[in-house]
Amino acid sequence: MKVLSEKKPLKALVADDSASIRTLVKHTLTKMGYEVTECTNGTDVWKLIRKGTYFNIFILDWVMPGLSGVDICKKIRSSNTTDYQYILLLTGNGGTNDMIEGLESGADDYLVKPVSIPELRARIKIGERLFDYESRLKNEEENIRISCYKTLTELAEARDHETGTHLSRIAGLARCLAEAAGCSPDFCADIEMFSPMHDIGKVGIPDGILHLPRRLTDAEFAIMKTHAEIGYQILKDKETLETAAEIAYTHHERWDGQGYPQGLEKENIPLSGRIVAIADTYDALRSIRPYKLPFNHEESAEWIKKSSGTVFDPDLVKAFTKVEHKMEEIFNSQYDPKLAEAILKKSLDAL
């Protein structure tokens with residue numbers, strides 16, 4: 001499933017109209033492993049924040065041209081960022097009222113000028129402990145979320161009499177194709193995480209149709225097709241499950257508009273749905289079914305290539321051709337024909 005990203009270097013912003021103070025603070029932070037950006041006034045700081053530039057730590061002069069350090073504190077704390085940001089104010093006045101004003105504005109701590117390097121380092125270490133604590137909480141939350149996602153997908157697959165490796169195959173195949181298409185690392189991680197939920201709507205399909213050991217009639221297939229809508233209804237409006245809902249809803253759409261349930265065409269189909277459509281089709285062609293024998297890789301790849309521009313996005317089919325043998329390896333490494341046949345026989349015997 002999803003692989004958590006490696007720890008990235010922390011970023012700091014130092015804002016002070018004194019060049020000597022900026023140099024001193026930057027030198028200290030750089031030695032501590034930070035990427036440091038300098039500003040000479042508060043207005044430039046706010047411009048960077050407005051542009052979406054993210055910093056873990058802000059070291060702000062209380063009094064500087066443009067916006068003051070206190071002004072910046074208030075703006076940062078009123079922003080919508082969900083990540084913790086540590087703010088340290090530099091002040092030439094250590095009076096109690098000033099300290100209270102700074103802390104109430106949103107600052108985490110303050111330093112009285114002239115800046116003491118050992119004290120600065122100690123204050124930064126406080127921020128790092130807070131970052132580590134937040135990171136642990138996020139990892140725990142992520143693990144819980146992944147466990148819930150896996151439980152949901154396994155519930156759907158259990159009713160469909162599929163092997164557990166089908167989930168990991170779809171995840172690997174979809175990620176492989178997304179990477180070949182040049183998608184961002186975050187998108188590739190999401191597609192790997194949520195593609196196994198593509199058929200979760202099958203929990204709403206009656207057993208008498210879901211487990212038929214033959215091809216479906218038109219009437220039966222009309223009912224089966226509702227699993228896309230059912231899956232979307234299950235997943236929509238759930239925080240963090242937007243991509244999963246999108247995939248469940250659109251992985252049966254076709255490039256030519258002849259798919260279901262919405263009849264979307266071309267780029268109107270979300271990229272996630274277009275990618276999972278190819279990954280799911282490749283896996284289905286390679287797998288044994290009650291009504292068909294499995295295709296080999298060459299037959300499956302040829303079917304996908306011939307469907308370029310009709311069923312599938314032509315650009316994604318081109319990406320598929322670049323990594324088709326890698327996708328073959330992913331499938332072969334996780335598919336046990338004897339196990340698949342045994343599970344299929346068991347399900348048929350139960351009918």
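Both faces of strand S4 are covered: Tyr 86, Leu 88 and Leu 90 are buried on one side, and Ile 87, Leu 89 and Thr 91 are buried on the other. That split follows a familiar pattern, since side chains in a regular strand alternate between the two faces of the sheet. Counted along the strand, six of the six residues of S4 are buried, so S4 is largely enclosed by the rest of the structure. All of this refers to a predicted model.

Zooming out for a moment, the protein's secondary structure comes to 15 helices and five strands. Of its 351 residues, 45% are buried. Among contacts with a separation of 6 or more, 63% are made by residues 24 or more positions apart.

The five strands make up an open sheet, ordered S2-S1-S3-S4-S5, with parallel pairing. At the edges sit S2 (35–39) and S5 (109–112), each of which pairs on one side only. From one strand to the next, the twist averages 20°. As for what holds such an arrangement together, strands of a sheet pair through backbone hydrogen bonds, either parallel or antiparallel.

Going through the pairs, S1 (residues 11–15) and S3 (residues 57–61) are joined in the parallel sense over four bridges. Leu 13 has Phe 58 as its bridge partner in S3. S3 in turn runs parallel to S4, with five bridges between them, and here Leu 60 finds its bridge partner in S4 at Leu 89. That partner, Leu 89, is one of the buried residues of S4. On the other flank, S4 and S5 are paired over four bridges, again in the parallel sense. The bridge partner of Leu 88 in S5 is Asp 109, and Leu 88 is itself buried.

Two helices deserve a look alongside these strands. Packing of helix H2 (residues 42–50) on the sheet brings it into touch with S1, S2 and S3, and its direction makes about 130° with that of S2. Helix H3 (residues 69–77) also packs on the sheet, touching S3 and S4 (86–91), and its direction makes about 170° with that of S4. S3 is thus touched by H2 and by H3.

H2 and H3 also meet each other. Packed helices are described by the angle between their axes and the distance between the axes. For H2 and H3, the axes come within 10 Å and cross at roughly 15°. With the crossing angle under 35 degrees, the two helices are therefore roughly parallel to each other. Their crossing is right-handed. On the H2 side the residues involved are Gly 42, Val 45, Trp 46 and Ile 49, which meet Ile 72, Lys 75 and Ile 76 of H3.

A second helix pair, H6 (residues 165–180) and H12 (residues 271–286), crosses at roughly 130°, with axes that come within 9 Å. H6 and H12 are therefore oblique to each other, and this crossing, too, is right-handed. The residues that meet here include Arg 169, Ile 170, Leu 173, Ala 174, Leu 177 and Ala 178 from H6, and Ile 275, Val 276, Ala 279 and Tyr 282 from H12.

Some of those residues turn up again around Ile 191, which is found in helix H7 (residues 185–194). At 0% relative accessibility, Ile 191 counts as buried. Leaving aside neighbours within four places in sequence, Ile 191 is in contact with Ala 174, Arg 175, Ala 178, Ile 247, Ser 272, Ile 275 and Val 276. Of these contacts, Ala 174 and Ala 178 belong to the H6 side of the H6–H12 meeting, while Ile 275 and Val 276 belong to the H12 side. Leu 173 lies 18 residues from Ile 191 along the chain, and their C-alpha atoms are separated by 9.8 Å.

That leaves the cysteines. The disulfide count comes to zero. For Cys 183, the closest cysteine sulfur is that of Cys 188, at 5.2 Å, which is too far for a bond, because a disulfide needs the two sulfur atoms within 2.5 Å. Cys 183 counts as buried at 18% relative accessibility, the cut-off being under 20%. Cys 39 also counts as buried, at 6% relative accessibility.

How values were computed:
Residues numbered from 1 in each chain as written. Predicted model: local features only at pLDDT ≥ 70, side-chain atom pairs only at ≥ 80, totals over all residues. Heavy atoms only, no water. Pairing = 2+ DSSP bridges. Axes fitted to C-alpha atoms, helices over the stretch in contact; angles between N-to-C directions. Contact = heavy atoms within 4.5 Å. Buried < 20%, exposed > 50% of the residue type's maximum accessible area, 1.4 Å probe, protein only. Parallel < 35°, antiparallel > 145°, perpendicular 65-115°, else oblique. Left-handed = near helix turned anticlockwise from the far one by under 90°.
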